[in-house]
Amino acid sequence: MATIGAPLLQVKESSPRGPLERREERLAWLMLLPVILALLALGVYPVLSTLWFSFQQGGSFGLGTTSAGLANYLRLLHDEQFWSALRFSLLYSLVTVCGQMLCGTALALFANRRFRGRWLARAAILFPWAIPTATNSVIWAYMFNDQYGLINSLLEHLGLLNPAHPIVWLGSAQLATLLIYVLAIWKANSLVALLVLAGLQGIPEEVYEAARVDGASRWQILWRVTLPLLRPVLLVTLILRTIESLQAFDLISAFTNGGPGNATQNLGLYIYLQIQQFGDFGYGSTIAVVLTAITLLFIVLYMRTLLRTSTR
Amino acid sequence: MALAPTTTAPATESSRPTARSRAPLLKPLTRQTLLYLALAVIIVVQFLPLIWALLTSLMTPQETTSIPATLWPAHPTLSSYIEALQGDIGRYYLNSIIASLVSTLVTMVLATLAAYAFARLRFRWKRLALLFVVSLSLFPPFSQVIPLYMMLQGVHLIGTLLALIIPYSVFGLPMAILMLMAFLQEVPFEYEEAAALDGMSRLGAFVRVVLPMIIPGLFTTAVIVFVGDWNEYLFALNYTTTATYTLPVGIVILSQTEFTTNFGVLSAAMVMSVVPLVALILLLERRIVSGLTAGGLKG
């Protein structure tokens with residue numbers, strides 16, 4: 001049975017005793033060496049370097065910076081745009097992760113039923129995962145284009161909308177935000193559904209059988225049997241989706257690019273603005289450090305959840 | 001399983017008046033209809049963007065910019081595809097293919113070695129090493145994008161495809177390792193013991209006995225890693241110049257600069273960027289599902 005991080009849980013520690021074991025250990029580290037070195041050089045070093053950059057200022061695109069002390073962090077405190085981006089990131093994560101969990105679980109429950117053509121349901125569930133996020137956002141932006149878009153056109157054909165007064169979907173802060181939520185939920189349903197589906201398949205048929213014998217209705221089985229058994233899977237999925245949502249960039253960047261105004265600018269877009277448009281690597285890094293710190297909370301939570309399940 | 005448990009359930013429930021459920025009120029036929037209605041709705045909702053892009057890509061330029069929008073191409077034409085492939089899109093396509101294929105290959109080689117060590121060999125600090133690998137994959141790419149740019153700039157790789165291949169190869173590793181570990185753990189240990197009795201070394205047994213047994217797993221993992229690289233956007237946006245734009249970056253930039261004039265070409269590009277992936281999914285749906293859940297990490 002596949003559960004999330006299952007390989008991690010099956011790992012056992014051991015300390016070598018004889019010469020044979022020592023040879024085995026040497027081989028293991030030899031096989032791991034390329035990966036560890038690559039991750040240290042391109043994963044760990046950049047993170048530390050970003051931290052260092054957050055105490056630098058001036059220069060252009062990282063060249064010729066000088067020590068800034070805590071100046072960048074103090075600047076954050078008075079940066080209205082930073083706080084608005086942070087607010088958007090948090091609200092976005094809250095709304096879209098809740099939506100994804102609900103819709104994804106519903107999809108999984110649906111695809112777990114036995115019927116002809118179930119593979120089609122599963123392929124449909126998988127599809128939004130595979131379509132490139134950025135490209136997909138461009139299609140959505142086109143669908144919601146006020147003049148040439150599919151959605152307005154459909155509404156007009158149905159007589160629900162006067163062609164003279166099209167809805168400017170991406171021109172209003174509220175509508176654009178709402179659409180981003182819908183898009184983000186649509187896009188990441190797949191992942192939740194996949195993980196929950198795996199969890200569902202791990203519940204033995206006898207459990208349902210027993211519940212039915214006891215006279216439980218379908219509704220009762222769902223709430224009292226299925227969902228409680230799914231709890232560990234749901235918890236891990238929730239944490240992973242939150243981490244991912246906090247880091248969102250492609251989806252918003254290609255859909256509204258933060259607009260209208262800065263209404264849909266999240267932390268990722270604000271970092272990108274600082275580094276690409278202003279070449280301010282110091283301040284960009286500072287915001288990245290904040291984002292990483294928030295993410296780190298959830299990473300620790302994730303590790304604790306996994307390890308607690310494994311010691312049980 | 002011949003009999004679906006869903007169809008047997010109403011009978012059991014109706015024999016028990018205490019169970020509160022609306023299920024028995026619906027005849028099995030209605031249930032079936034509702035089920036397929038739901039399936040139809042799900043399919044439309046999930047595939048709508050692709051269908052719309054597909055339709056638009058077949059329209060004439062006049063149709064793509066008519067107000068209100070044309071919903072169905074009256075004179076289907078492939079001219080948008082030809083225009084896309086002859087223009088910059090063709091180059092972006094090639095860039096995406098090269099960057100994704102090479103990165104996937106490197107990732108797979110490194111990850112297979114590491115996954116075998118994690119899944120099969122005994123050594124100290126194994127858990128710690130694995131935790132290190134997993135937790136690193138959860139860090140926001142934003143915590144790495146700036147220094148990596150400096151490093152790549154320092155060795156004059158910005159603007160070459162290596163600027164993508166190097167980070168992609170590394171950032172695909174954690175997910176690939178976890179997935180491969182899951183596949184390796186399914187191979188019974190006895191095969192290696194038998195190989196050892198035949199005088200094979202650990203490495204020999206790994207290459208000649210274990211690897212051939214997980215070829216489907218290797219393939220699945222490679223597909224998932226490939227999809228990740230193919231769809232990557234942040235690094236591609238920062239580390240490429242017009243000559244090395246990948247498909248997603250090229251499409252977004254085209255859409256932001258020539259949005260009103262090139263709907264058809266843009267849609268053709270989108271369809272072409274998605275179609276290989278859709279084909280893979282339809283072919284490998286079941287395998288991908290199990291692979292993704294084992295890795296269970298990234299979107």
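**Exercise 1. State how much area is buried between chain A and chain B, and describe what supplies it.**

Solution. The area buried between chain A and chain B is about 10,900 Å², and carbon and sulfur atoms give 74% of that area. On the side of chain A, the trio Met31(A), Tyr142(A) and Tyr148(A) supplies 7% of the area that chain A buries against chain B, which is more than any other three residues supply. The next step is to count residues: the contact takes 118 residues from chain A and 118 residues from chain B. It should be kept in mind throughout that this is a predicted model.

**Exercise 2. Find the salt bridges across the interface of chain A and chain B, and place them within the whole structure.**

Solution. A search over all chains finds eight salt bridges in the whole structure, and across the interface of chain A and chain B the rule finds three. One salt bridge joins the side chains of Glu24(A) and Arg202(B), with an N to O distance of 3.3 Å. This pair crosses between chains, since Glu24(A) lies in helix 2 of chain A and Arg202(B) lies in helix 11 (residues 202-213) of chain B. In another salt bridge, the side chains of Glu25(A) and Arg124(B) meet at 2.9 Å, again taken from N to O. Beside the salt bridges, ten residue pairs are counted in polar contact between chain A and chain B. Turning to the elements involved, helix 2 (residues 19-53) of chain A contributes 23 residues, the largest share of the side of chain A that touches chain B. Sorted by class, that side of chain A has 74 nonpolar, 29 polar and 15 charged residues.

**Exercise 3. Work out how helix 2 of chain A is oriented against helix 7 of chain B.**

Solution. Two packed helices are described by the angle between their axes and the distance between the axes. Helix 2 of chain A and helix 7 (residues 145-154) of chain B pack at an angle of about 110°, and their axes are 7 Å apart. Because angles of 65 to 115 degrees count as roughly perpendicular, helix 2 of chain A is roughly perpendicular to helix 7 of chain B. The residues of helix 2 of chain A in this contact include Leu42(A), Tyr45(A) and Phe53(A), while those of helix 7 of chain B include Ile146(B), Met150(B) and Met151(B). By class, the contact of these two helices has ten nonpolar, two polar and no charged residues.

**Exercise 4. Describe how helix 5 of chain B packs against helix 14 and against helix 11 of chain B.**

Solution. Helix 5 (residues 88-120) of chain B packs against helix 14 (residues 247-257) of chain B at an angle of about 150°, with their axes 8 Å apart. Helix 5 of chain B is therefore roughly antiparallel to helix 14 of chain B. Among the residues that meet here are Tyr92(B) and Tyr93(B) from helix 5 and Leu247(B) and Leu254(B) from helix 14 of chain B. This contact has six nonpolar, two polar and no charged residues.

For the other partner, the axes of helix 5 and helix 11 of chain B come within 12 Å and cross at roughly 105°, so these two helices are roughly perpendicular to each other. Arg202(B), which also takes part in the salt bridge with Glu24(A), is one of the helix 11 residues in this contact, and Arg120(B) is one of those from helix 5 of chain B. By class, the contact of helix 5 with helix 11 of chain B has five nonpolar, one polar and two charged residues.

How values were computed
Residues are numbered from 1 along each chain as its sequence is written. Chains are lettered from A and ligands numbered from 1 in the order in which they are written. This is a predicted model: local features need pLDDT of at least 70, side-chain atom pairs count only at pLDDT 80 or more; totals for chains, interfaces and linings use all residues. Side-chain values use heavy atoms; hydrogens and water are left out. Contact means heavy atoms within 4.5 Å. Buried area is the accessible area (1.4 Å probe) that two parts lose on being put together, summed over both. A salt bridge is a side-chain nitrogen of Lys or Arg within 4 Å of a carboxyl oxygen of Asp or Glu. A polar contact is a pair of N or O atoms within 3.5 Å; within protein, one must be able to donate a hydrogen and the other to accept it, and residues adjacent in sequence count only if both atoms are side-chain atoms. Helices (H or I, at least four residues) and strands (E, at least two) are DSSP runs, numbered from the N terminus. Ala, Val, Leu, Ile, Met, Phe, Trp, Tyr, Cys and Pro count as nonpolar, Asp, Glu, Lys and Arg as charged, and the others, Gly among them, as polar. Axes are lines fitted to C-alpha atoms, for helices over the stretch in contact, and angles run from 0 to 180 degrees between N-to-C directions. Angles under 35 degrees count as roughly parallel, over 145 as roughly antiparallel, 65 to 115 as roughly perpendicular and the rest as oblique.
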